[in-house]
Amino acid sequence: MEIFNTLTGRKERFCPRDPGRVGMYVCGPTTYNFIHLGNARALVVFDTIRRYFLHKGYRVLFIQNFTDVDDKIINRAREEGMDPHTLAAKYVDEYFVDADALNVRRADVHPKVSDHIPEIIALIEAIIGRGLAYEAGGDVYFAVRKFDGYGRLSRRSLDDLQAGARVEVGEQKKDPLDFALWKAAKPGEPWWESPWGRGRPGWHIECSAMAAKHLGTNFDVHGGGADLIFPHHENEIAQSEGATGMPFARYWIHNGFITIREEKMSKSLGNVFLVRELTRLYPPEALRLFLLSNHYRNPLDYDPEAMEAAVRAVNRLKTCLGLLREFLSGERSAAGETGRGENRLEAVLDELQGRFEAAMDDDFNTALAQAVLFDLTSEVNTCLHQNERRDRETLEKARDLFDAFNRVLGIFPEKNGRIALEAGALGGDLSQGLLELLIALRRDARRNKDFATADRIRDGLRELGITLEDTPQDVRWKISGR
RNA sequence: GGCGGCGUAGCCAAAUGGCUAAGGCGACGGUCUGCAAAACCGUUAUUCGGCGGUUCAAUUCCGCCCGCCGCCUCCA
């Protein structure tokens, strides 16, 4: 298994700190708003990486924090006339609504800054103890020039950084490159008691403290969006390695941005798409498929046409899955006797599994892995529709492979590790009964060659979002659209 | 200015120093169907931004150029 490591700028063979185990820390959202598509990409990418480690048999400890103490939260709370803590708690809840929709699994631990103030203070004291930080007027700053190797992750020299560095009003840095570990409380801001007076943590320190608490030093994977490389992750390294003298994390993984019409999605450009809006427009399966449709390090351009293509692609998968289920449940012909000729599917399943793993082993190439999923779909469709020999055992193996791929890619909701497609139930027995009545009427009309009536029923139902498909045996219906 | 990335068919998007350049969407033709839908079969890049170089051989390695994007400031 090879992973591109931002720290070295190369793909490297993955070798965990402790054999058979993986410790991962991923920077989670600052909870001051609903999450947007960019957040969603990071979530889905790292959820998929985690799932793949699990697939490979590793025991994974996955930590994703919530930054619930931050300037943005304080400002937003002030605007809304809310208490910052209440506001942050609200958006933690809203985060889970969106993450669940995208089939992102819960982390093993979701630590919050507000629950780790003692750890943060202890870490700052350790850094001061090593002579790498100083107190100034109730603030504490990290002295960047005293830490050897600053800039290694982002490949920047101190001189390059010097040019862009600035000092905000009221800051008491000795050097413009220094950054705050602790900020003295201003009136009306949340605060905690500390050796430097009342205040709150700076932006970067919480991740160092929480990662150390839950994963120790030299843990395996640290991830986040590419915009976190500098300064956030660079500063985390400086703090953590400065405090302990030990390596912080072994593999640094960063996902690329979402762009909107080739431009970065950002608040200042006003082109931010919230997951909450998008899940109203598209099935979440399509959103997840889209988010994994190119390599995680490349930019991904959001575009309604691409989303429509993803919706259709998901329907293709769903149709195949539904057909497979029908055969296996015995609803459709006795699987086992039908067909003749070669059993091609049987022969090809192992190869597909091998290709899938090879794709994911190569720096989590989900685009290629998806291609294998579609190849599996084609093979199953051919087997089921053409007059090929097929048997229950092979079809079960094919279904197991679908389930295995989905346990990694997470496109469809799961139950006990298997794909769980909602049965397409209508709201209530009345609707269900009415639909069945209409289908029966249409069947009679077709028998009487009254195709005008038959088509009127089918077209009318389509308008209502129900698609009918005539098959030799019966009529199949499904809820289309969204 | 410094650092990094990208440019592959109508669109999205992988891979690869030589073997048919994946897969999805779309389009076209066919099979099936009362007609559809779904599915299947076939067609849809003699070519991988441009120009040079290395090589027996380059889309793939190197150099230059053009175009696009990101980071260097809060941001996934």
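## Briefing: chain A with RNA strand B

Strand 6 (residues 139-142) and strand 7 pair in the antiparallel sense, held by three bridges. The model is predicted. Chain A has 482 residues, of which 51% count as buried. Its secondary structure comes to 15 helices and 17 strands. Along the principal axes, the C-alpha atoms fill a box of roughly 90 × 50 × 35 Å. RNA strand B is surrounded by 53 residues.

**The open sheet, strands 5 to 8**

- Four strands make up this open sheet, in the order 5-6-7-8, with antiparallel pairing.
- Strand 5 (133-136) and strand 8 (199-201) are the edge strands; each has a single partner strand, so one side of each has no neighbour in the sheet.
- On average, neighbouring strands here are turned by 20° against each other, direction ignored.
- In the pairing of strands 6 and 7, Tyr 141 has Ala 180 of strand 7 as its bridge partner.
- Strand 7 (residues 179-184) also pairs with strand 8, again in the antiparallel sense and over three bridges.
- Trp 182 stands opposite Pro 201, a residue of strand 8.
- As background, strands of a sheet pair through backbone hydrogen bonds, either parallel or antiparallel.

**The parallel pair, strands 9 and 10**

- Strand 9 and strand 10 run parallel and are joined by six bridges.
- His 222 has Trp 252 in strand 10 as its bridge partner.
- Strand 10 (residues 249-255) is mostly covered, with six of its seven residues buried.
- Helix 7 (residues 229-244) joins strands 9 and 10 in a right-handed β-α-β unit.
- Strand 9 (219-225) also supplies at least two residues of the surface near RNA strand B.

**The surface near RNA strand B**

- Among the 53 surrounding residues, the closest are Trp 203, Gly 225, Leu 228, Lys 264 and His 295.
- Sugar and phosphate make up 69% of the RNA strand B atoms that come within 4 Å of the protein.
- By class, this surface has 17 nonpolar, 19 polar and 17 charged residues.
- Helix 12 gives the most, with nine residues.
- Other elements that each supply at least two residues include helix 1 (37-55), helix 5 (158-164) and helix 10 (304-329).
- Helix 14 (429-447), helix 15 (451-463) and strand 16 (466-470) are also among the elements that supply at least two residues each.

**Polar contacts with RNA strand B**

- Lys 72 places a polar side-chain atom 2.9 Å from a sugar or linking oxygen of RNA strand B.
- Met 265 uses its backbone: a polar backbone atom of this residue is 3.1 Å from a base nitrogen of RNA strand B.
- Arg 458 uses its side chain: an N or O atom there is 2.7 Å from a base oxygen of RNA strand B.

**Backbone features to check in the structure**

- Most residues other than glycine have a negative phi, and most peptide bonds are trans.
- The peptide bond that joins Phe 230 and Pro 231 is cis, with omega about 0°.
- Pro 231 is in helix 7, the helix of the right-handed β-α-β unit.
- Pro 231 is partly exposed, because its relative accessible area is 27%.
- Pro 231 and Lys 11 are 220 residues apart in sequence, and their C-alpha atoms are 23 Å apart in space.
- Asn 218 is not a glycine, yet its phi is positive, near 55°.
- Asn 218 sits in the loop between helix 6 (205-215) and strand 9.
- Asp 363 is also a residue other than glycine with a positive phi, near 55°.
- Asp 363 is in the loop between helix 11 (344-361) and helix 12.
- Asp 363 counts as buried, because its relative accessible area is 0%.
- Helix 12 (366-385), on one side of that loop, is among the elements that supply residues near RNA strand B.

Definitions and conventions. Residues numbered from 1 in each chain as written. Chains lettered and ligands numbered in written order. Predicted model: local features only at pLDDT ≥ 70, side-chain atom pairs only at ≥ 80, totals over all residues. Heavy atoms only, no water. Near = heavy atom within 4 Å. Polar contact = N/O pair within 3.5 Å; in protein donor to acceptor, adjacent residues only side chain to side chain. Nonpolar A, V, L, I, M, F, W, Y, C, P; charged D, E, K, R; others polar. Pairing = 2+ DSSP bridges. Axes fitted to C-alpha atoms, helices over the stretch in contact; angles between N-to-C directions. Buried < 20%, exposed > 50% of the residue type's maximum accessible area, 1.4 Å probe, protein only. Right-handed = clockwise from strand over helix to strand, strands pointing away.
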